[in-house]
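Please open the model in your viewer and keep the sequence panel at hand. We will go from stop to stop, and at each one I will tell you what to select.

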Amino acid sequence: MSNQALPPVVDTDTWQRELDALRVREKAATRELDAIAAQRRRLPMVEMPDYTLEGEEGTVRLADIFRDRPQLIVYSHMWFPGEEWQCPGCTGLTSQYTRLEFLNNYDARFVIVTQGPIDEALAYKRRVGNKMDWYSTANSPFGADIGAPPGGGFGLNVFLRNGDTVYRTWHTNGRGTEQISNFFGLIDLLPYGRQEEWQDSPDGWPKSPTYSRWGSSKDIAAAYGAQEA
């Protein structure tokens, strides 16, 4: 490791000045995120049809997926028919959520929907050790209508229920979903960051092809305690 690229070594006062200068930008970013969240809370919403999905206990109306809560976060998990291991990005992101009870205090629930048939989806959930509640849109237009059609990508949607009426309040996809991940937040704190080719890093910093450091779905299943499907 003697040839390892390293940041400059400085005295404590110099380091503190550089950190203070960075902190100005970090605080500005925090305030901007607060402003974005405030704008999000003021978004209009659109009424949704009375969709029917499939869950572990059978057919269920979209309004009933909320259970006794008015707010619902839905992650659309990519699905490839006939594949033993599904999208590693989706698998890794959603497997982080082993404790969701804190959402109870905020009158919300967080679930996964996928285009996979419910029996296959639940088998995959067990295989990768996922703890979230899964629902299938294989026999419903719901997935396609919220930006995750069969063969399509992943996405994140938020819904609000008033009585039996459900409204769509927000949606994102692509890197917009990074905001709900804890591992990117942790990795971005590291001196070498994500170590991916696209990142702006000093010369000599370790770099790898994008996604190459991500764990495979099989690795994630092993890490989270896979169960036989």
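## Stop 1: the cavity

The largest cavity encloses about 70 Å³ of space. Bear in mind as you look around that this is a predicted model. In the whole structure there is one cavity of 30 Å³ or more.

To find the cavity, select Ser76, His77, Thr114, Gln115 and Ala148, which are the closest to its centre among the 14 residues that line it. Now colour strands S4 (71–77) and S5 (108–114); these are the elements that give two or more residues to the lining. What is the make-up of that lining in nonpolar, polar and charged residues? It has five nonpolar residues, nine polar ones and no charged ones.

## Stop 2: helix H3

Next, select helix H3, residues 88–95. This helix is mostly covered, with seven of its eight residues buried. The buried ones are Gly89, Cys90, Thr91, Gly92, Leu93, Thr94 and Ser95. Which elements do they pack against? Show S4, S5, H4, helix H6 (182–187) and helix H7 (217–223), and you have the surroundings of these buried residues.

## Stop 3: helix H4

Move on to H4, residues 118–127. Here seven of the ten residues are buried, namely Ile118, Ala121, Leu122, Ala123, Tyr124, Lys125 and Arg127. Two residues with charged side chains, Lys125 and Arg127, are thus on the buried list. The cover over the buried residues of H4 includes strand S2 (52–55), S4, H3, S5, strand S6 (134–136) and H7. Step just past the end of H4 and click on Gly129, where phi is positive, at about 70°.

## Stop 4: the aromatic rings

Stay with H4 and show the side chain of Tyr124 together with that of Trp85. A search of the whole structure gives eleven aromatic pairs, and these two residues form one of them: the rings are edge-to-face, 6.5 Å centre to centre, with 70° between the planes. Why does this pair tie together parts that are 39 residues apart in sequence? Trp85 is in the loop between S4 and H3 while Tyr124 is in H4, so the contact between the rings bridges that separation.

Are the two partners buried or exposed? Tyr124 is buried, at a relative accessible area of 1%, whereas Trp85 is partly exposed, at 25%.

Add Trp79 and Trp134 to the selection, and you will see a cluster in which ring pairs link Trp79, Trp85, Tyr124 and Trp134. Then bring back Arg127: this residue lies over the face of Trp85, 6.0 Å from the ring centre. For another arginine placed over a ring, go to Arg40, whose charged end sits over the ring of Trp170 at 4.9 Å from its centre.

One further pair deserves a click. Tyr211 and Trp214 have ring centres 5.0 Å apart and planes at 80°, so they too meet edge-to-face. Tyr211 is exposed, with a relative accessibility of 54%, and Trp214 is partly exposed, at 33%.

## Stop 5: backbone in the loops

Now switch to the backbone and select Arg67, in the loop between helix H2 (62–65) and S4. Phi of Arg67 is near 60°, a positive value in a residue other than glycine. Arg67 is partly exposed, at 48% relative accessibility.

Asp107 is the next one to pick, in the loop between H3 and S5. This residue also has a positive phi without being a glycine, here near 55°. Its relative accessible area of 42% makes Asp107 partly exposed.

## Stop 6: around Lys207

Finish at Lys207, in the loop between H6 and H7. At 39% relative accessibility, Lys207 is partly exposed. Which residues does Lys207 touch, leaving aside those up to four places away in sequence? They are Gln195, Glu196, Glu197, Gln199 and Ser201. To close the tour, draw a distance between the C-alpha atoms of Lys207 and Glu197: the two residues are ten apart along the chain, and these atoms are separated by 5.4 Å.

Note on methods
Residues numbered from 1 in each chain as written. Heavy atoms only, no water. Phe/Tyr/Trp six-rings, centres within 6.5 Å; stacked < 30°, edge-to-face > 60°. Helix = DSSP H or I, 4+ residues; strand = E, 2+ residues; numbered from the N terminus. Buried < 20%, exposed > 50% of the residue type's maximum accessible area, 1.4 Å probe, protein only. Lys NZ or Arg CZ within 6 Å of the ring centre and 35° of its normal. 1 Å grid on protein atoms, 1.4 Å probe; cavity = no way out; pocket = protein on both sides within 12 Å on 5 of 7 lines; lining within 4 Å. Points joined across faces, edges and corners; volume = space filled by probe spheres on them. Contact = heavy atoms within 4.5 Å.
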